[in-house]
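Work through the exercises below with the sequence and the 3D view open. Try each task before you read its solution.

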Amino acid sequence: MSNEATLPPMSRLVEGLAPSGIRRFFDIAAQMPDVISLSVGEPDFVTPWSICEAAYESMKAGHTHYTSNSGTPEFRRAVGNHLKKLYGVSYGEDEIVATIGVSEGLDLAMRTLLDPGDEVIVPEPCFVSYTACISLAGGVPVSVETHAKDGFCVSVEPIERAWTKRTKAILIGFPSNPTGATMPREAMQGIVDFARRKNLYIVSDEIYDRLTYDSVHTCVPSLRGARERTILLNGFSKAYAMTGWRIGYACGPARIIEAMVKVHQYTIMSAPTTAQIAAVEALKSESDVRAMVTEYNQRRRFIVDGLNKIGLDCHMPQGAFYAFPSIERTGLTAEEFAERLLREEHVAVVPGNAFGAGGEGHIRCSYANSLEKIQIALQRMDNFVKKQRNASTRQTAAA
Amino acid sequence: MKHAEPDEILAILARDARTTPDTIATLTGRSVDDVRAAIADFERRGIIKRYKTIIDWEKAGVERVFAFIDVKVMPARDVGFDGVADRISRFPEVHSVWLISGGSDLRIIMEASDVREVGRFVAEKLSTIGGITGTDTHFLLKRYKEDQIPYMEAEDDRRLVVAP
């Protein structure tokens, strides 16, 4: 008899957690040498060299120790100045904590705000970690579905309908992964006003804030009455191509940040020192960000144009680096489409249902890839869709 | 809708001169006619000089020698350095002629089949031009990056195939 059988069950909460649907195809894709991946949620650019140099120099100079739990004063000051300059919101050093990416910030926020049974309203489709982090903190995610016809924006009415006496917070992430939706200022103000009326917290994941195209990013704490109840989460992964550095931050009123630091000090201690120094360097130059945004913008137009020509209806995403076309015309489910596209044409995309309610009938295509590869991927997708169409025509004819 | 600045078209063509007007139109959100007109205008005004290909000649097995020749010039009345620069520019083996700051006045980039050819050029053609008071020749040993293109072996995409 193996030892395993005699062990007591693990946490029911963790056992009950569904594994991220996003990684289901990982093993299949990893076997294919010629696979083109449109399923990657990170920039194809490498970290700008000046940032790497700053990190390298700091290590040579011996800056390899713990920092204060909240992060170095330089890091927090740099983040504070950055937010003030971009969005006019002011955060003091005691209102900012350096985190291991937005992922940790999200976990900290949920653990700090929620008691068992507290409900959090989440517009979906959304980033795969949102509902899991709420559940792990003992909370209950309450989904509000967004739709292609509204450009996947969320309005206040469904949020009002989702509200109960147990609602503690609203968790939003715009520009959105996976839909690329952004929120106009007035619409977001409506949600903030509702949160004020019902005395709710707002947790706003703004990791894609710098990747907006035809519109200006709405920074939630810059809205009327939002700052006092908002935890702003952001990081360096997307705009500065620093995913592997694992560095982000959370900002909010001192009382909330102090509570979050309490959790952070026991679980993390401090965010990586080298990454904090690199992040300070990243904020010094905006030219790399602008160059990346110009490039993403071109690819965005290219992929959306290509998808629509193939017959996969796609709204023009306003932010992030994802297109979220409908695949309903093919008659396949999102999972079937993604799996068969991968097996037959060696193109990896993520089925929309991995991102929760409203994601079925869509696939997420990341355009964080070279134009050449996007072009080949579109060609292969075109082959795939044509095969589907021919097959269904034959079926109809046979019937 | 806000039109992209014209230099976005130039940036796209500078990266890949074979990008078609159709594709440029898609990339920039402009109409194809608009893009064609802009390119024609750039060509007419000499902003686009020529469409060329970057070739790694060494990899292609073609042995070529590149030399950088820094030249000191006694500027001439009325034409300054331009007269000498113009005469040097006319030699077909000369790739580029630049007026530079620092210890020398002109920098020449020349291409030749071997070192001797460079020597002959300097001794027989360059130094006989009136106004040239000295030359300093350097040879290219290895290219690491040219026109934004790294010459080291390209690195693979190191990202996970699927990531949230």
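**Exercise 1. The surroundings of one alanine**

Task: List the residues in contact with Ala250(A), leaving aside neighbours within four places in sequence.

Solution. Start with the term: two residues are in contact if their C-beta atoms, placed from the backbone, lie within 7 Å. Now search around Ala250(A). From chain A you find Val97(A), Thr99(A), Gly105(A), Leu108(A) and Ala109(A). Then come Ile231(A), Leu232(A), Leu233(A), Ile257(A) and Met260(A).

A word on the source. This is a predicted model, in which local features need pLDDT of at least 70, side-chain atom pairs count only at pLDDT 80 or more, and totals for chains, interfaces and linings use all residues. Residues are numbered from 1 along each chain as its sequence is written, while chains are lettered from A and ligands numbered from 1 in the order in which they are written.

**Exercise 2. Two cores**

Task: Find which residues touch the most other members of the largest nonpolar core, and where that core lies.

Solution. First, the terms. A residue is buried if 20 or more other C-beta atoms lie within 10 Å of its own, exposed if 12 or fewer, and partly exposed in between; these C-beta atoms are placed from the backbone. A nonpolar core is a set of buried Ala, Val, Leu, Ile, Met, Phe, Trp, Tyr and Cys residues joined through C-beta atoms within 7 Å.

Next, the members. The largest core has 120 residues, and Ala109(A), Ile170(A), Ile202(A) and Ala250(A) touch the most other members. Then the place. Domain 1 (3-47 + 287-389) and domain 2 (49-282) of chain A both contribute residues, so this core lies between them. Domain bounds come from an automatic or database domain assignment. Last, look for a second core. It is separate, has 13 residues, and includes Ala67(B), Val71(B), Ile88(B) and Ile108(B). The general background: in soluble globular proteins, nonpolar side chains tend to be buried together.

**Exercise 3. The sheet of chain B**

Task: Work out the strand order of the open sheet of 4 strands in chain B.

Solution. Helices (H or I, at least four residues) and strands (E, at least two) are DSSP runs, numbered from the N terminus. Two strands pair if DSSP finds at least two bridges between them.

1. Strand 1 (residues 65-73) and strand 3 (residues 106-112) of chain B run antiparallel, joined by 7 bridges. Asp70(B) has Arg107(B) as its bridge partner in strand 3.
2. Strand 1 of chain B is also joined to strand 4 (residues 132-139) by 7 bridges, again antiparallel. Here Val71(B) is partnered by Thr135(B).
3. Strand 2 and strand 3 of chain B pair antiparallel over 5 bridges. Val97(B) has Ile108(B) as its partner in strand 3.
4. Put the pairs together: the order is 2-3-1-4. Strand 2 (94-99) and strand 4 of chain B stand at the edges with a single partner strand each, so one side of each has no neighbour in the sheet.
5. From one strand to the next, the twist averages 20 degrees. Axes are lines fitted to C-alpha atoms, for helices over the stretch in contact, and angles run from 0 to 180 degrees between N-to-C directions.
6. Add the helix. Helix 4 (residues 82-89) of chain B packs on the sheet and touches strand 1, strand 2, strand 3 and strand 4. Its direction makes about 170 degrees with that of strand 2 of chain B.

**Exercise 4. The outline of chain B**

Task: Set the radius of gyration of chain B against that of a compact globule of 164 residues.

Solution. The radius is taken over C-alpha atoms, and the globule rule is 2.2 Å times the number of residues to the power 0.38. The rule gives a value near 15 Å, but chain B has 21 Å. Next, see the parts: domain 1 (7-44) and domain 2 (65-141). Their C-alpha centres lie 36 Å apart. Finally, count burial: 17% of the 164 residues are buried.

**Exercise 5. Unusual backbone**

Task: Is Phe152(A) buried or exposed? And Asp78(B), buried or exposed?

Solution. Phe152(A) has phi near 60 degrees, a positive value in a residue other than glycine. It is buried, with 28 other C-beta atoms within 10 Å. Asp78(B) has a positive phi of about 70 degrees. Asp78(B) is exposed, with 7 C-beta neighbours inside 10 Å.
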